[in-house]
Each structure stands twice: as C-alpha cells, then as structure tokens.
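Me: I would like a close look at one part of this model. Please take the largest pocket and work outwards from there.

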Amino acid sequence: MTVKELTAEEKLRLICGKDSWHTVDLDGKIPSVCVSDGPVGLRKSEMDEKGNWVRDLPAVAYPALHVLANSWSRECAREMGESLADDCKEQNVDILLAPGVNIKRNPLNGRNFEYFSEDPLLAGTLAYEYIDGLQSKGVGACLKHYYVNNREYNRLDQSSEVDERTLRELYLKPFELACKAKPISAMCAYNRINGVYASENAKGFRILRDEFGFDGAIISDWGAVHDRTASAKAGLDLEMPFHEGNYEKLVADYKAGKITDEEIDACAERVLRLAERCEKMREGRKAERTVEERFAVARKIAEEGIVLLKNEGVLPLSPGQSISVSGYFAAPEAFGKISGGGSAMVQWRGEKFNLADILRKKTGGEVRYTRAFWERGVLCDSRQAEIDAAECDVCVICAGTGSDIESEGYDRGDMRLPQWEEESILRLSKRNPNTVVVLFTGSAVDVSAWADGVAGIVYAGFCGEQGGEAVARVLTGEVNPSGKLSETFPVSYEDVPVSWADNDPCVARYEEGLDVGYRYYDTYDVRVSFPFGFGLSYSEFVYSALKVKASGDKAEVSFTVKNAGGPAGREVSQLYIRPIAAYVHRPAQELKAFTKQQILPGKNVKVKFGLTTADFAYYSTAVDGWRTDDGLYEIAVGASSREIFLRALVKIEGGNISFVKELKDEFAF
C-alpha cells in the first residue's frame, strides 16, 4: 500500500498513536505495530479492556546499560540485543524502545543507568552492536532520546543550551554511530534544544536523516508533543501515545491550511513503511534462545561489566574463609530495588538472589548474613553485623542506591551513598581490615568518606537478576574481573563542571562545552577517585612493542599485551589521541579505539587499530563541517585514560599521516 491510497483523514489518524503501546491499523488496512519499554529487559504491561494498567509481565532482567558499557564488549552488546529480541518475540512486541545513548554529562542524572557512557565513541559503538543484534533477530530498535537529554530535572520543558561544536562532537556523535546499524525508529526527547522542543526541532531531524542516514520513523517520547502540527511540519512522524486534544487540533489545522498535504504525506509514508517493515520482521517469528540461555547471557554481561575498583590483597576470597555479609542489597528483599526506577524497571522472570547463600555454596566456609541497613535507614541488627564483621575473616558490605534514588523523572540529590550506608561501612570496616564493599548503584559514587578504610571495592552496578551469581563468581575468583569504568568517578560532586552551573528550571547552559567527563578531568589535571576506563584484574597485563605504520591518510597502530601474572583474563586496551599545540581548544585526549581480548597466563596477544585522518578531526563552525588540521598528534595506548603505557608521535601534513617517533617515557596525568 502507498500513502496515496489513503484518505486525508486516514493519514492524519495514522501519524497519531492508537493507544499507549500500539499504532492504528486503519480498520485492518495496514499492520498495527506494538512497542514496549525495555532497555534492560522487556517491560510489557498488561492492560484491561478500558486500557488501564493491570501489571507488568515477567521478563528476563538484564544488567542496566551502564553495566553493559562497563564490559566494553561488543560481543556482550550484540548478545544482549539478540536475547532481548527473544523476549520481545514471546510477547509479540515489534519495537523495543531502546537503547538510550545520551552522554553522561552530570553524574546526578537520574537516568544515567539507562545510558552507556560519558564518551561518544564507546556509547555509539556499543549501541550499534545492541541495535544490530536486536534487529538481526526480527525486532526493531528505537534509538533514544534525541537529543541533549542529559538530566531529568524539569525535563519536560527545560532548554538545553549547547553550542554547535559541542553538539556535534559529544551529544550527536553517539547517535551518528548508532545510526550505522539502521534502527527502524528513533525517539525524540522531552526537552527543548536551544529553545525549540525536541519534538519540533526540524534542524535536528534533518541532521538525523540527511547526515546520519537514518531512514526509519521518528517517534515522540510519551507526552513530548506540545503542538502536533508544529511537530509534523518539523518531521516528527508518530505521536505516542494517542492524545485526543492534539489529534483534534491537527485535524483543525489541516482544514485551515496550516499544514500541507506534502508535510502530512511525508510523516504518514514513514509510519506506513514502519508498519510494513515490522510486519516483514514478524515472518517466522520464534524465540531462538531458551530462558535459561538468556539468563546465561544476562550473567555473562554482569560478569564482564563488574569493575574491581580496589583490591589490597583481599580478593579473590579463599576457600573455607568465614565471611560476614551485610546490607539490604545482598538479600532477596532487595528484589526490584537493584535497578533504576521508571520505564526501565523489569518484573524479574527468575528467582531472587541471595548473595550469602551463593557464597556459602561456593566457598564451603561459614557465611553469616545480617541486613544492618535497608533503603530507609539502619536496622536493629546492625549491632550483630558489627559482631559478625569482627569475628569473620572477611567482611562483605553490599551498599547502593536503587530505584528510589535513581529513576526516570528526577535526579539524585547528591553523589554520596545514603548517610546510614556510609556510617555502616565506616563502622564495620573498623572491625575488620579485610572489608570489601560491593556497590549496587547506577552511576558514579562519591567514595571519599570511606574508600581509604576498606580493602576492596567492587562496582556491580544495576547488575540484573543474574547479578548475585556474577558478583559471587568475581569475589571467589571463578571469574577474573574485566570490567572498566565507562564513566569517571570524581572525588566529589564539587569537582564536576556542571556542579557550578545555575540550576535554572527553564535553561540548562552547557557552559563547559567539550569539557565533559575525562575530557575535563584529564585536561585540567583534576584528581579523581577512579578514572575513565579504569578497572583492576586478578592478572597483570604488560604493554609493549608499539609500532605505527602510516601511509596516506591511514595509519595502523599495533602493540603487544602480555598476561604476565595471574589467571587467564580479559583486558580492555584503549587508544587515545592527543593534539599537540592545537589551533582550537581540544581536550587533552579523546578515546579513538578500544578492544577487549582474552589472554592466557604467560601468553600475549597482538592488538591492531586502524586510524584515518578523520579520527584526528574536530567540528569547525567556521566551515560547518569536520576539519583535520595539519600538525603533531600523540597516540597514547593504555589500560585507562590515566594509565598510558605506550606513546608515539605522528604528523599530519596535507591530509597525510607520517610517523615521527616513539615516546619512551610512560605518562600519566
């Protein structure tokens, strides 16, 4: 069917949703599309005959996207997409409203757990794999939230005021990279961008389609449309959910000549194509992975995304050790809390985990459990927790935030753990020098009050329903930790550039420009608790033999990574580019390539990265395009943004790259 076969009334109705989760079928003329929430697990709601919510149907709860990002694993991202497709197929969902690729500008953003990273390359690369994996199995993706939606504070109306260069290099770049996977839909954000609502931002839609190659339908976030006519004229194809008042005004505006047939046809055509694409993707629809196999994927992602932040000889745990486990997040009563709130919450399909029970089975030693604290404060058994900590060989404290603190709709109040949790950590760690804190949080945490007093810190994040098993495997050494931070942990919120900004509910001024995350901390040599890309292992990895081969506008960077001690492990190698004496402001360094590889004990692997002159470019507002200036650039290779082991100098001249020399001395900020 073509859009020309539809009446004007049908076209107007087509570009407005049927209800909360479906598009109209025009009395059976075209397929209806079913969409559902679920960046970290399908969240399909059961509705009654009147359209009222009854319950959320159980589904596999995968780790949140920030944990996936901490894995730095393309393989994990693809497998997560593929597995989510099976969940969707079982519930007859055509489009999963995910993933979100918004940059983590502010660690207090209540929705950071739903997003990948503070770095656009890492975010866009993993989003590409997630989308491609999902769509390769017959379920559509919805790339969101387009764009500059970086906090929840007054998100429905606040204007994000951002300069063009910063938009291009940071906030639009992950969308550009993710669009290479050809998502069949994208979702606009709630906020304004430089004064114009995202749902009416014609310039942004032109960039998405004409420059990034997006050929799907643009859908509104739920309730993000303020004027259906204005949004349709700008290029927003589908309003969700159905809003009677908006629809009636659209019809009236059409009759009054305020919107043309050509403008309506453009939106209707894309919604029609979306329905047809979804119908085609349904052919032969059948889940490929069993539920148990999907649980295994969820566990694998959690295992690879858990980050070992500190280890003073306490980990891995030894068989037979007595262990004191405390904290609300270790036990089944935390079910539904080890996640972020809002549209990402999932009704777990599997069993609630009990970390103490899992550790008891794995170590064969005595494992005691006391809650000590819960989500609202200290409990009466906190005294027993102190006694257990003193008597046991190792004390494991499970602390965190959860859905009451990190959620869609509002931001965190501060970067610190709740006061009673910090007090418990300080009190228990005084009783046992072998104290390990396991953090179940969705974003960066201020650890300054207690980090020096504990022997180990394990960042589990919102690790999904298989997270208990994954944490236990890391603690006992069954799994060698390989996660790396996808966002910097500042010492305190006062060290974050946006902390200085005026919290105007109407306008968010992105005055820091490009100085976001490690781009800021590394440029200005700001002390951090844990840098971007950081994560410890039970193995020792040694980098050597850097070589750069340059020819024309391309260069190949190769080096060797050896597992010089410890068990088999996976290492994330990172390559950064550092401009020397740049003509314009450039961050001290920018991530340009990464890979994750398994390395056996005593063995080494050779890593190769390909670069082009485009990797050295910045966005020039003088020419309204990307520009690579002639000059010197440093190539830096290491294990995090502040653990650089290999360095080389290259020159770009007339669009050609040439090797200058290797820089022998190690360098760290």
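Which elements each supply at least two residues of the lining of the largest pocket?

Reply: Four elements do: helix H4 (120-136), H5, helix H6 (173-178) and strand E25. Helices (H or I, at least four residues) and strands (E, at least two) are DSSP runs, numbered from the N terminus. This is a predicted model, where local features need pLDDT of at least 70 and side-chain atom pairs count only at pLDDT 80 or more, while totals for chains, interfaces and linings use all residues. Residues are numbered from 1 along each chain as its sequence is written, and side-chain values use heavy atoms, with hydrogens and water left out.

Start with the pocket. The largest pocket holds about 340 Å³ of space. Its lining has 18 residues, and the closest to its centre are Lys173, Lys592, Ala614, Asp615 and Trp626. By class, nine are nonpolar, nine are charged and none is polar. Here nonpolar means Ala, Val, Leu, Ile, Met, Phe, Trp, Tyr, Cys and Pro; charged means Asp, Glu, Lys and Arg; the others, Gly among them, are polar. A pocket is an open set of points on a 1 Å grid over the protein atoms alone, with protein on both sides within 12 Å along at least five of seven lines; a cavity is a set where a 1.4 Å probe fits but cannot get out; lining residues have an atom within 4 Å of a point. Points are joined across faces, edges and corners, and the volume is the space filled by probe spheres set on them.

Now follow E25 away from the pocket. E25 belongs to an open sheet of five strands, in the order E25-E24-E29-E30-E31, with antiparallel pairing. Strand E25 (590-599) is at one edge and strand E31 (656-663) at the other; each has a single partner strand, so one side of each has no neighbour in the sheet. From one strand to the next, the twist averages 25 degrees. That angle lies between N-to-C directions, on a scale from 0 to 180 degrees, with axes fitted as lines to C-alpha atoms (for helices, over the stretch in contact). The partner of E25 is strand E24 (residues 569-580), and nine bridges join the two in the antiparallel sense. Two strands count as paired if DSSP finds at least two bridges between them. One of these bridges sets Ser573 opposite Thr595 in E25. In general, strands of a sheet pair through backbone hydrogen bonds, parallel or antiparallel.

Parallel pairing turns up elsewhere, around strand E7 (residues 185-188). Three bridges join E7 to strand E5 (residues 140-146). Three bridges also join E7 to strand E10 (residues 217-219), again in the parallel sense. Ser185 takes part on both sides: Cys142 stands opposite Ser185, and in E10 its bridge partner is Ala217. Is E7 covered or uncovered on its two faces? Both are covered: Ser185 and Met187 on one side, and Ala186 and Cys188 on the other, are all buried. Buried means under 20% relative accessible area, exposed means over 50%, and partly exposed lies in between (1.4 Å probe, protein chains only).

Back to H5, another element of the pocket lining. Its Glu164 forms a salt bridge with Lys203 (3.0 Å, N to O). A salt bridge is a side-chain nitrogen of Lys or Arg within 4 Å of a carboxyl oxygen of Asp or Glu. The pair links helix H7 (residues 202-211), home of Lys203, with helix H5 (residues 164-171), home of Glu164, across 39 residues. Lys203 is partly exposed, at 41% relative accessible area. Side chains of opposite charge can pair when their charged atoms come close.

The whole structure has 72 salt bridges. Another one joins Arg294 and Glu90, with closest N and O atoms 2.8 Å apart. Arg294 lies in helix H11 (residues 291-305) and Glu90 in helix H3 (residues 74-90), 204 residues apart. Arg294 is buried at 1%, whereas Glu90 is partly exposed at 36%.

Finally, compare the enclosed spaces. There are four cavities of 30 Å³ or more. The largest has about 120 Å³ of space. Its lining has 16 residues, and Lys104, Arg105, Pro107, Glu118 and Tyr521 are the closest to its centre. Seven of the lining residues are nonpolar, three polar and six charged. The second largest cavity has about 90 Å³. Of its 15 lining residues, Val40, Tyr62, Ile338, Ser339 and Ala344 are the closest to the centre. That lining has twelve nonpolar, three polar and no charged residues.
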